Amino acid sequence: MTTLSEEDNSLEHWKEAWKQGRTRFHKDTVNELLIQYIGLLTNGRSGLKILVTLCGKSLDLKWLAEQGHDVTGLELSEIAAKSFYEENDIEYTVSPLENIKDGNLYRSKDGRIKICQCDCFAFSSSVCGQFDAIWDRYAFGAMKPGCRNEYRDMLLSLMKPDAQCLMVTQQYDPTVMSGRSPFHTPYEVVQEYYGEKCNVEKIIEQDALLDIWKTIGHKWLTETLFHLAFKK
């Protein structure tokens, strides 16, 4: 089994990013694409069990719970997990995550929001079961090519047969930035990895060129929302 610690995008790399505040990927608002396309994620259903991959301290967790869903975040960093609950004034408990070395389960007092803080490749349906829906903002795009197959297999194993997945990836000129996250992840890459078992639909592509990307030489950068569901 590959672990993130065996790649340049290691567990320690991401943990250090949170320690040092290098978290430009964090949004201080609920993701607009999630709000706009929540109907695709839920397929019109309520009270779903939803997974948010590499969730950080995303406000998407809280918003999804406020829509009446049971939400589980999957996160590497202890700092991120604690920060989510403390910054949102949510009472929580922490307990060891069963069957995962050094894993912890953060759980809100009402049980509606959980964060499994662990190596994501050690996470499986034996921990929290399968999910009705998965929200993946930049998680697949953060994976080095050598980790993509295992991440895909993990993600698909967590989806119920009728589950929906919304995935956001970034696209840019790869000659400007190569070999580091976030990776250039166009439709062709998503289709290559998920197309055998899932219908992959490109929903929307939009400009995402922030000033920070301009400073390292990017002339253009977009993000694309994909909808994935198992083929019937």
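These questions and answers concern one helix and some salt bridges in a predicted model.

Residues are numbered from 1 along each chain as its sequence is written. Because the model is predicted, local features need pLDDT of at least 70 and side-chain atom pairs count only at pLDDT 80 or more, while totals for chains, interfaces and linings use all residues, and side-chain values use heavy atoms, with hydrogens and water left out.

Reader: How do you know that the span of helix H7 agrees with its number of residues?
Author: A helix here is a DSSP run of H or I with at least four residues, numbered from the N terminus. The expected span is 1.5 Å times one less than the number of residues. H7 has 13 residues (145–157), so 18 Å is expected; the end C-alpha atoms are 19 Å apart, which agrees.

Reader: Why is the contact of arginine 45 and aspartate 162 called a salt bridge?
Author: The term requires a side-chain nitrogen of Lys or Arg within 4 Å of a carboxyl oxygen of Asp or Glu. Arginine 45 and aspartate 162 have N to O at 3.2 Å, and they form a salt bridge. The two residues are 117 residues apart in the chain.

Reader: What makes lysine 57 buried or exposed?
Author: Buried means under 20% relative accessible area, exposed over 50%, and partly exposed in between (1.4 Å probe, protein chains only). Lysine 57 has 17%, so lysine 57 is buried.

Reader: Why does glutamate 87 count as buried or exposed?
Author: Glutamate 87 has 51% relative accessibility, so glutamate 87 counts as exposed. Glutamate 87 also forms a salt bridge with lysine 57, with the closest N and O atoms 3.0 Å apart.
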